[in-house]
Amino acid sequence: MKKLFISTLIASTCASAFAAVVTVDAPQANSLILENFSAPSDPSSEQRNGVRFVSAQDGVAKYSITDRADPQLFFDGYVGGIDFSNYPHVRIRHSFSEPNKGGSVYPMPVREGKMGKVSINNTLAGRQVMLEEYPQLGQGLRLDPVDGEHVPGEYCIDYIIVDRGRTLGFEFDQTGSTRGGLNNFFIGNNLGGENGKEIVSGIDRGVFNGKPVSSDSMMILQLTPATGLTAINSKIYKFIEIRMRVLEPQQGVGTVFFRSETANSGSSKIEFDLVDDEYFHTYLIDLREDASWNSGMINSFRFDPTNRKQAFEIDHIRFYETVKFK
Ligand SMILES: [Ca+2]
Ligand SMILES: [Ca+2]
C-alpha cells in the first residue's frame, strides 16, 4: 500500500491547504459482493412460495413470482459467513414489474421482526438498507421481494452487496449499462460512442471496458431529477473508491472533477497516478478534509480515467460514507 498526497486544485489557481488523500490498494474490502449474477445459473440457494428462477442474462437475474403469499429467496452458503457487524448495510439493485409496497431483507438465521425494508421500482434502481438488528456473523440473507398483498410479476436483481456504511455504487454489473446510484448513468466523451451521450457499450462481465479515441476521455455523471439523484450529499459521502486497471500501461493519470453548489468558479480536481501495470488496483480518495468537497452538495462529477489514449477497465466507482484503510 502506498499513499499519495495530492492537493485539490481550485480552478487551476492555488492549492488548497485542505487536501484529498489517495490511498492505493488499501488492504481491506469496503464492500462484499454476495451475488452479481455474472453466470447464467441460479445463484439463490432456495426459492419458496411460488418464486421461480427464469434466467440470468446480461448480469441480471430474473425470477417469476406467482400469486402465492410470502415469496422468498435465500442467498446463503458463503464460506466463513457474513460479518454483519462490519458490513451492516445491504445494497440491492432490483426491480419488480408491478406496483408494490416493497420488500424485506432478513439476515440469516432469520429472527422474526429483525429485517430491513427495501423499496422497489418497476425499473432497475439501486436501494440500500441498514440492518439495525443483526447477528454478528450471519449465514446469508433471505430476500422477500414483495411484502403485503401478493402480486404476480417479474422480479429482477442486478446485484446484492453488503457495505460498511451508506454507499452510492456504480458497479458496471449489468451488460450495456453504467447505471447506479439510484438510476444515474455516465455520459461519455472521446470513448468511441457519440460524444455527450449515455455510455451503453463496453460494459460487460462486471466491468466497463473503455477504449479512448483520444487522450481526453471523460465520464460525466448524469445528476438530474429523471435519474433519481440530482446531487451527491457530501455531508454523508466522504470517500470515493475507484477500482480499475489499464490494459496498456503508459504512465497515465486519472482525474476526478467535481463541483459543489457553492462553487462560483470552475470544478475542483483530484489527480492520481495510475499504477503502471496491467493489474486491477483500488484508488481510495479520502475527502474528509477536502474543503471544496465539504462546501455543499456535489452537483457535478466527472471522471477522466486516463490522460492517455489507452484502454482501461473500471470495476466500480463508489461513494462511501465510511471505509477501512488497514
Ligand atoms: Ca449483475
Ligand atoms: Ca464491477
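**Exercise 1. Find the strands that pair with S23 and give the sense of pairing.**

Solution. The model is predicted.
Step 1. Start with S28. S23 and S28 are linked by 8 bridges, and the pairing is antiparallel.
Step 2. Fix the register. Glu241 faces Arg318 of S28.
Step 3. Turn to S26. Here 6 bridges connect S23 and S26, again in the antiparallel sense.
Step 4. Fix this register too. Arg243 lies opposite Thr282 of S26.

**Exercise 2. Decide whether S23 is largely enclosed, and explain why.**

Solution.
Step 1. Apply the burial cut-off: a residue is buried if 20 or more other C-beta atoms lie within 10 Å of its own.
Step 2. Count. In S23, 6 of the 8 residues are buried.
Step 3. Conclude. S23 is largely enclosed by the rest of the structure because 6 of its 8 residues are buried.

**Exercise 3. Describe the largest nonpolar core and locate its best-connected residues.**

Solution.
Step 1. Size: the largest nonpolar core holds 38 residues.
Step 2. Contacts: Phe239, Ile240, Ile285 and Ile314 have the most contacts inside this core.
Step 3. Suppliers: the strands that each give at least two residues to this core include S23 (239-246), S26 (281-286) and S28 (312-320). S17 (167-170) and S24 (253-260) are also among them.
Step 4. Zoom in on Ile285. Leaving out residues up to four places away in sequence, Ile285 touches Ala20, Val22, Phe239, Ile240, Val256 and Ile270.
Step 5. Look for another core. A second, separate one has 33 residues, including Leu34, Ala56, Ile65 and Tyr106.

**Exercise 4. Write the strand order of the open sheet of 5 strands and name its edges.**

Solution.
Step 1. Order: S5-S8-S15-S11-S12, with antiparallel pairing.
Step 2. Edges: S5 (46-48) and S12 (116-118) each pair on one side only.
Step 3. Twist: neighbouring strands of this sheet are turned by 20 degrees against each other on average, direction ignored.
Step 4. Check one pair. S11 (residues 103-108) and S12 run antiparallel and are joined by 3 bridges. Val105 stands across from Gly116 in S12.

**Exercise 5. Divide the chain into domains and characterise their contact.**

Solution.
Step 1. Bounds: the domain assignment gives domain 1 as 2-30 + 167-320, and domain 2 as 36-162.
Step 2. Separation: the domain centres, taken over C-alpha atoms, are 29 Å apart.
Step 3. Contact: 15 residues of domain 1 meet 15 residues of domain 2.
Step 4. Composition: the domain 1 side that touches domain 2 has 10 polar, 4 charged and 1 nonpolar residues.

How values were computed. Residues numbered from 1 in each chain as written. Chains lettered and ligands numbered in written order. Predicted model: local features only at pLDDT ≥ 70, side-chain atom pairs only at ≥ 80, totals over all residues. Domains from an automatic or database assignment. Contact = placed C-beta atoms within 7 Å. Nonpolar A, V, L, I, M, F, W, Y, C, P; charged D, E, K, R; others polar. Core = buried A, V, L, I, M, F, W, Y, C linked by C-beta atoms within 7 Å. Buried ≥ 20, exposed ≤ 12 C-beta atoms within 10 Å, placed from the backbone. Helix = DSSP H or I, 4+ residues; strand = E, 2+ residues; numbered from the N terminus. Pairing = 2+ DSSP bridges. Axes fitted to C-alpha atoms, helices over the stretch in contact; angles between N-to-C directions.
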